[in-house]
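Biologist: Before I rely on any label in this model, I should like to hear the reasoning that supports it. Would you take me through the evidence, one term at a time?

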Amino acid sequence: MKIYPLRVVLQSLPLLLCAALISRAQGRMVEPADIIVVHGRVYTENPQQPWAQAVAIQRGKIVAVGDEPEIERMRGMGTKVINAGGKLVLPGFVDCHIHFIDGSFSLGRVNLEGAKDPADIQKRLREYISEHPGDDWILGRGWNYAMFGPEALPHKKYLDEIFPNRPVFLEGYDGHTYWANSKALAVAGIVRETADPPNGTIVRDPKTGDATGALKESAQDLVAKVIPKPSRAEKLSALSAGMKWANEHGITRVHSAGGDFEVLDLFDEMRQRGDLSVRMYVAYFLNPPELRPQDLDAIEHARKKFHDDWIDASAVKFMVDGVVESHTAAMLEPYSDDPSLKGKLFWEPSNYKAAVAELDKRGLQLFTHAIGDYGVRTALDAYENAEARNHNRDRRPRIEHIETINTADIPRFGKLGVIASMQPLHSYPDSDTLDVWARNAGPDRASRAWAWKSISDAGGRLAFGSDWPVVTLNPWEGVQTAVTRQTAEGQPVAGFVPDQRLTVAQVIDGYTLGAAFAGRREKSEGSLEIGKLADLIILSQNIFDIDPHKIGATKVVTTIVGGRLVYQAETK
Ligand SMILES: [Zn+2]
């Protein structure tokens with residue numbers, strides 16, 4: 001074996017590189033692309049090259065981004081050509097907060113989103129049952145608090161009127177309160193004497209003590225556990241439908257914040273069959289009161305098994321409080337509409353802090369659901385403590401939701417490197433937000449409602465998602481809301497806390513490169529750059545150029561995940 005002196009090797013390197021470039025320029029030795037996307041307005045999210053015309057893909061990755069002639073040179077006999085027709089091309093969108101299997105099941109159940117009043121709900125239930133006469137249980141979701149008057153809680157009587165003998169169980173749009181009819185309460189064995197479970201409330205009639213049918217937080221488990229479980233085949237078919245739904249809306253990756261850890265093996269099965277078309281980043285949902293050895297076993301086992309581009313299970317989700325609408329979000333000061341309430345933490349702060357420090361030390365990424373300003377502060381304190389103890393690895397802990405925040409805590413996101421994972425559509429200023437949420441929070445806290453711009457201006461990184469099935473996973477309505485802080489009809493006219501409006505580019509970043517950063521994958525995803533995974537979408541309209549109130553109507557024309565065409569709208 002001949003050993004060349006290092007100097008000789010280094011000197012001949014530029015020569016070799018030169019030779020390769022020459023043959024490339026002459027059109028030889030350029031391996032043809034598998035797919036080229038041409039005639040696009042390509043917004044890359046790469047600051048070195050913000051706009052381009054075309055993209056070339058090979059073996060699931062981006063191999064070139066540039067102008068038309070440059071990419072055309074990579075067209076070979078077998079190259080699939082996608083003509084974007086001058087439309088906007090973006091990196092694939094990431095939904096940074098989702099409950100994927102729940103969302104997937106919701107596609108086949110009663111949808112109560114947007115229902116105006118109990119009569120409207122009854123109408124939808126009747127329609128559903130005429131199409132699904134055989135269902136033993138009637139399940140659905142999406143009702144909101146505002147339709148039930150000042151009490152803002154549903155009552156079993158509306159359901160009993162139409163379903164005296166069949167159990168009905170309906171999830172509120174936010175997943176924190178459920179609504180059961182008398183039959184469902186009876187099947188679950190909930191009687192006057194049944195005690196409230198930890199972190200849950202069986203809402204009762206103040207006079208009789210009977211359950212009203214409203215079940216807050218963990219009280220819903222009492223009913224949920226008696227509902228017949230879907231089979232493996234039913235779960236797989238729901239997940240396939242969910243993947244299609246996500247791809248149709250431009251989603252190429254999700255960050256799952258609970259409920260999907262239990263079905264990791266189903267995602268794996270789909271992958272082996274070639275049916276996985278959404279990349280899954282899945283958090284283990286850690287319940288209070290403490291981190292147990294069996295939790296650690298489950299977390300470490302899953303992380304060892306799933307840690308690639310398609311399925312990754314290296315995150316843990318905590319939930320430290322509830323929601324503002326039902327006064328379960330933990331606040332520093334009492335609720336404005338009821339001074340006897342402040343919400344309370346689901347975790348004992350010292351237990352939470354210890355669990356955060358231990359999991360952070362192991363290099364797991366942490367998600368904490370925190371909605372009230374006390375919840376947010378508790379999470380920041382625990383993350384600060386973990387940083388001081390475990391030092392400066394690339395940790396990127398996250399807080400999910402952050403519906404309101406104390407002014408003093410805003411700069412702590414940037415300072416501590418904590419990611420703000422927020423859901424623009426939750427701030428949608430309809431009556432649920434303006435009449436119930438804002439009434440409960442009061443004007444001072446409402447002035448810092450969904451304060452993404454303040455957090456971003458102070459150096460915090462934003463990541464956006466939906467919390468599907470809490471709201472639709474369609475991200476375009478979220479983009480519109482973050483930009484306008486108004487309803488689709490332009491209400492309120494001045495905007496809901498309008499100083500928190502973001503630009504279209506900032507919001508896209510929160511769903512693409514910011515989202516990839518929030519999932520610790522910005523080196524391989526989040527922008528259209530050479531070497532990154534070929535996840536991209538083509539849109540029906542250029543959202544940079546239109547009236548922002550029309551962004552929500554955007555349709556996805558094409559979705560590519562890992563160089564595979566997973567969705568193509570039918571052409572008219
Ligand atoms: Zn959630």
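**Labels and their evidence**

Modeller: Let me begin with aspartate 321, which is buried yet has no salt bridge; lysine 317, the nearest side chain of opposite charge, is 9.6 Å away. Please bear in mind that this is a predicted model.

Biologist: Why is aspartate 321 said to have no salt bridge?

Modeller: A salt bridge requires a side-chain nitrogen of Lys or Arg within 4 Å of a carboxyl oxygen of Asp or Glu. Lysine 317 is 9.6 Å away, and aspartate 321 is therefore without a salt bridge.

Biologist: What does the side chain of aspartate 321 reach instead, and where does this residue lie?

Modeller: Aspartate 321 is placed in the loop between β17 (311-319) and α11 (349-361). A polar atom of its side chain lies 2.9 Å from the backbone nitrogen of alanine 330, and the side chain also reaches the backbone nitrogen of isoleucine 371 at 3.0 Å. A polar contact is a pair of N or O atoms within 3.5 Å; the values of 2.9 Å and 3.0 Å satisfy that distance. Residues touched by aspartate 321 include Thr328, Lys344, Phe346 and His369.

Biologist: What makes His97, His99 and Asp467 donors of the zinc ion?

Modeller: Donors are N, O and S atoms within 2.8 Å of the metal. His97 (NE2), His99 (NE2) and Asp467 (OD) coordinate the zinc ion at 2.1 to 2.2 Å, so they qualify. Their spacing in sequence is H-x1-H-x367-D. Histidine 97 and histidine 99 are both buried.

Biologist: Why is glutamine 486 called buried?

Modeller: Buried means under 20% relative accessible area. Glutamine 486 has 6%, and therefore counts as buried. This residue lies in the loop between α16 and α17 (504-511), and its side chain reaches the backbone oxygen of valine 493 at 2.8 Å. Among the residues that glutamine 486 touches are Tyr428, Pro429, Arg501 and His549.

Biologist: What makes helix α16 mostly covered?

Modeller: Of the 10 residues in α16 (residues 475-484), nine are buried. Trp476, Val479 and Val483 are among them. At the start of the helix, a side-chain oxygen of asparagine 474 comes to within 3.0 Å of the backbone nitrogen of tryptophan 476. Just after α16, arginine 485 adopts a positive phi of about 50 degrees.

Biologist: Why are β9 and β13 called edge strands?

Modeller: The open sheet has six strands in the order β9-β10-β11-β12-β14-β13, with mixed pairing. Each of β9 (110-111) and β13 (200-204) pairs on one side only, and these are the edge strands.

Biologist: How do you know that β9 and β10 pair?

Modeller: Two strands pair if DSSP finds at least two bridges between them. β9 and strand β10 (residues 138-143) have two bridges, in the parallel sense, so the condition is met. The bridge partner of asparagine 111 in β10 is arginine 141.

Biologist: What makes glutamate 171 and arginine 141 a salt bridge?

Modeller: Their side chains meet at 3.1 Å, N to O, and the cut-off is 4 Å. Glutamate 171 lies in strand β11 (residues 168-172) and arginine 141 in strand β10, so the pair ties together parts that are 30 residues apart in sequence. Both glutamate 171 and arginine 141 are buried.

Biologist: Why does arginine 396 count as buried and aspartate 394 as partly exposed?

Modeller: Buried is under 20%, exposed is over 50%, and partly exposed is in between. Arginine 396 has 7% relative accessibility and therefore counts as buried; aspartate 394, at 48%, counts as partly exposed. The side chains of these residues, arginine 396 and aspartate 394, meet in a salt bridge at 2.6 Å, N to O.

Biologist: What separates lysine 453 and aspartate 457 in helix α15?

Modeller: Being four residues apart in α15 (residues 452-457), they are separated by about one helical turn. Their side chains meet in a salt bridge (2.9 Å, N to O). Lysine 453, with 24%, is partly exposed, whereas aspartate 457, with 54%, is exposed.

Biologist: How many salt bridges are found in the whole structure?

Modeller: The search finds 37. One network of salt bridges links Arg377, Asp381, Glu384, Asp409, Arg412 and Lys415.

Technical notes
Residues numbered from 1 in each chain as written. Predicted model: local features only at pLDDT ≥ 70, side-chain atom pairs only at ≥ 80, totals over all residues. Heavy atoms only, no water. Buried < 20%, exposed > 50% of the residue type's maximum accessible area, 1.4 Å probe, protein only. Lys, Arg positive; Asp, Glu negative; His and termini not counted. Polar contact = N/O pair within 3.5 Å; in protein donor to acceptor, adjacent residues only side chain to side chain. Contact = heavy atoms within 4.5 Å. Donors = N, O, S within 2.8 Å, 3.2 Å for Na, K, Ca; no water. Lists of a residue's contacts leave out its neighbours within four places in sequence.
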